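Work through the exercises below with the sequence and the structure at hand, and try each task before reading its solution.

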Amino acid sequence: MTVSRLFSDNLILQRDKKNLVYGTANPLENITVSLCENDKELWSASCAADAEGNWELEINPFSLKGVYSIVITGKDEKITANNVRFGDVYLLGGQSNMELTINMMPDTNAKALRYEKNDDIRMFNVPHVYDFSGKSVPISDGAWTSACPESIGEFSAIGYYFAKEKYENDGVPVGLVHTAVGGAPVESFMSEENLLKQAKVIRDTVDVKGECDKNKNMGCIFCYEELLNKNKQPGYIETTEKEDLKRGEEWHKSLDASDPGLKDEWMKSQWTTDFDTISFPRYLKDTKWEKHFGTLWLQKTVNVPKEYAGRDAMLYLGTMVDFDFTYVNGEYVGTTEYRYLQSRYYVKAGLLKEGENTITIRLGMDANVGGLLPEMPYKLSVYKDTSEDALRGALDSEYYEWEQEISGEWKVREGAKCEALEGPTFFIWNPTALYNTMISPLRGLSFDAVLFYQGESNSGRPEYYDILFKAMTDEWRSLFNNDLPFYTAEVAKYLGDGPVLSEDVYAGIRAVQHKCADEIDGVYLIPTTSLPAIPTELHPQNKKDVAHLFYEAFKENK
């Protein structure tokens with residue numbers, strides 16, 4: 001007997017609405033689902049599995065305020081979900097701006113939140129699995145986690161801040177079902193039947209310009225069907241992924257083997273003045289390293305006063321393209337392999353010394369114009385007090401006793417040089433990739449609303465995003481409840497990240513988001529561009545403010 005992993009310990013079900021539970025058993029086996037409190041049965045229903053062994057039952061609407069268990073009983077097996085609550089459940093959808101976790105946000109938030117504990121706020125992170133069979137794939141992994149020091153760092157930042165604000169206002173338990181995937185276009189969240197139908201509508205009704213863009217990750221209306229058919233070929237995905245992995249491993253292995261900075265340990269000495277210098281933060285466009293793929297080594301000397309030597313510190317290095325390995329006084333302090341995340345490294349007590357200290361960066365460029373993102377923080381900050389009591393809930397200005405800006409002139413040495421690395425195929429972004437594994441398996445569950453933050457990956461073809469987005473919302477509503485409201489965040493203003501552009505690359509998709517909110521019943525736009533932001537940052541760090549706007553819109557339209 002099987003059942004979705006959603007029906008496991010710590011489950012929160014939407015109050016006052018029906019919820020479907022389903023699974024598999026032996027053909028014609030009798031299945032009973034019971035709701036119990038302290039072993040006392042409050043409700044139960046039974047059904048028989050069909051000839052293929054499939055069964056499903058509806059759990060009646062409840063507004064109960066206690067702690068319960070759901071017991072699913074077959075002929076010889078029993079599955080029990082303990083610590084079950086009824087509350088308000090929200091489906092988190094979209095791409096990386098919804099997916100980014102508390103741990104990926106500025107350290108102030110992460111440190112303050114690590115002391116929080118609320119068993120009435122829980123999240124189920126639906127596993128990132130893709131499938132192109134056209135069939136719903138049961139959720140067989142994952143767990144509900146409560147907001148506590150051990151797990152809160154892995155919560156969606158927007159999701160948690162929304163849940164926290166809502167709970168503080170009404171005291172109702174909040175469940176978050178998290179389905180966002182970084183980089184995912186709207187097409188990946190749609191069924192094959194729906195997507196191909198909408199592609200035909202677009203071709204028949206929209207003045208489509210251009211040709212197939214040959215994007216192996218996302219496709220376009222000219223090649224959806226071609227990508228889908230290719231992905232269904234036996235062994236194609238497995239072979240492609242092995243080739244991608246091998247190519248990446250060989251590139252990095254060759255990079256390391258040919259890097260004189262690693263061989264001669266450039267990070268362990270203070271360099272002389274006989275090297276190039278360049279003022280950071282900036283991109284390498286219009287420099288002699290604009291088309292350099294491989295590594296550049298950067299070094300800067302920072303003077304630390306005696307009274308701050310040996311103290312715990314934090315090194316802020318903005319955002320570096322494409323990846324970095326960073327050292328302080330020759331000791332490795334961290335790496336960031338994702339070019340859209342800020343590099344922030346803890347410098348342990350004892351590492352900083354009185355006087356001159358060297359910060360050395362091994363900056364890697366695998367496919368893009370490298371550099372350090374302008375307008376981001378670049379500083380060395382020494383903690384005032386690192387006791388837990390001192391850090392509890394502290395603000396930025398309260399964390400540090402001494403700070404030193406580290407923007408400006410850096411010495412530069414050329415490390416390894418190689419050809420650009422061809423990126424892998426992200427099948428998880430392909431058309432329909434996520435529908436069968438992350439959306440369809442949730443059918444029959446009730447949600448209070450969808451919180452959606454997506455659109456960046458569709459910015460290249462905004463002219464038909466409205467058709468696709470409406471078709472997606474209609475399809476999701478058919479799976480859950482037909483009046484399900486969608487709260488969708490404006491994509492941030494963005495001028496690119498190498499080189500910086502003069503025009504906002506997301507203006508077109510944002511205009512269509514406004515159109516969708518105006519024309520689709522129950523779709524509400526979250527005005528994120530009203531918030532201060534860095535125009536070269538793909539992932540604005542102000543997730544708490546965005547969550548507040550979600551909550552304000554939710555209250556207004558509830």
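The exercises that follow concern aromatic rings and their surroundings.

The model is predicted, so that local features need pLDDT of at least 70 and side-chain atom pairs count only at pLDDT 80 or more, while totals for chains, interfaces and linings use all residues. Residues are numbered from 1 along each chain as its sequence is written, and side-chain values use heavy atoms, leaving out hydrogens and water.

**Exercise 1.** Classify the pair formed by Trp271 and Phe275, and state how buried or exposed each residue is.

Solution. Rings of Phe, Tyr and Trp (its six-membered ring) pair if their centres lie within 6.5 Å, and planes under 30 degrees apart count as stacked, over 60 as edge-to-face and the rest as tilted. The structure holds 36 such aromatic pairs. In the one formed by Trp271 and Phe275, the centres are 5.8 Å apart with 55° between the planes, and the pair is tilted. Buried means under 20% relative accessible area, exposed over 50%, and partly exposed in between (1.4 Å probe, protein chains only). Trp271, at 5%, is therefore buried, whereas Phe275, at 27%, is partly exposed.

**Exercise 2.** Do the same for Tyr494 and Tyr506.

Solution. Their ring centres lie 5.2 Å apart and their planes meet at 20°, so the pair is stacked. Tyr494 has a relative accessibility of 6% and counts as buried, and Tyr506, at 8%, is buried too.

**Exercise 3.** Which ring lies under the charged end of Arg413?

Solution. A charge sits over a ring if NZ of Lys or CZ of Arg is within 6 Å of the ring centre and within 35 degrees of the ring normal. For Arg413 the ring is that of Trp266, with the charged end 3.9 Å from its centre.
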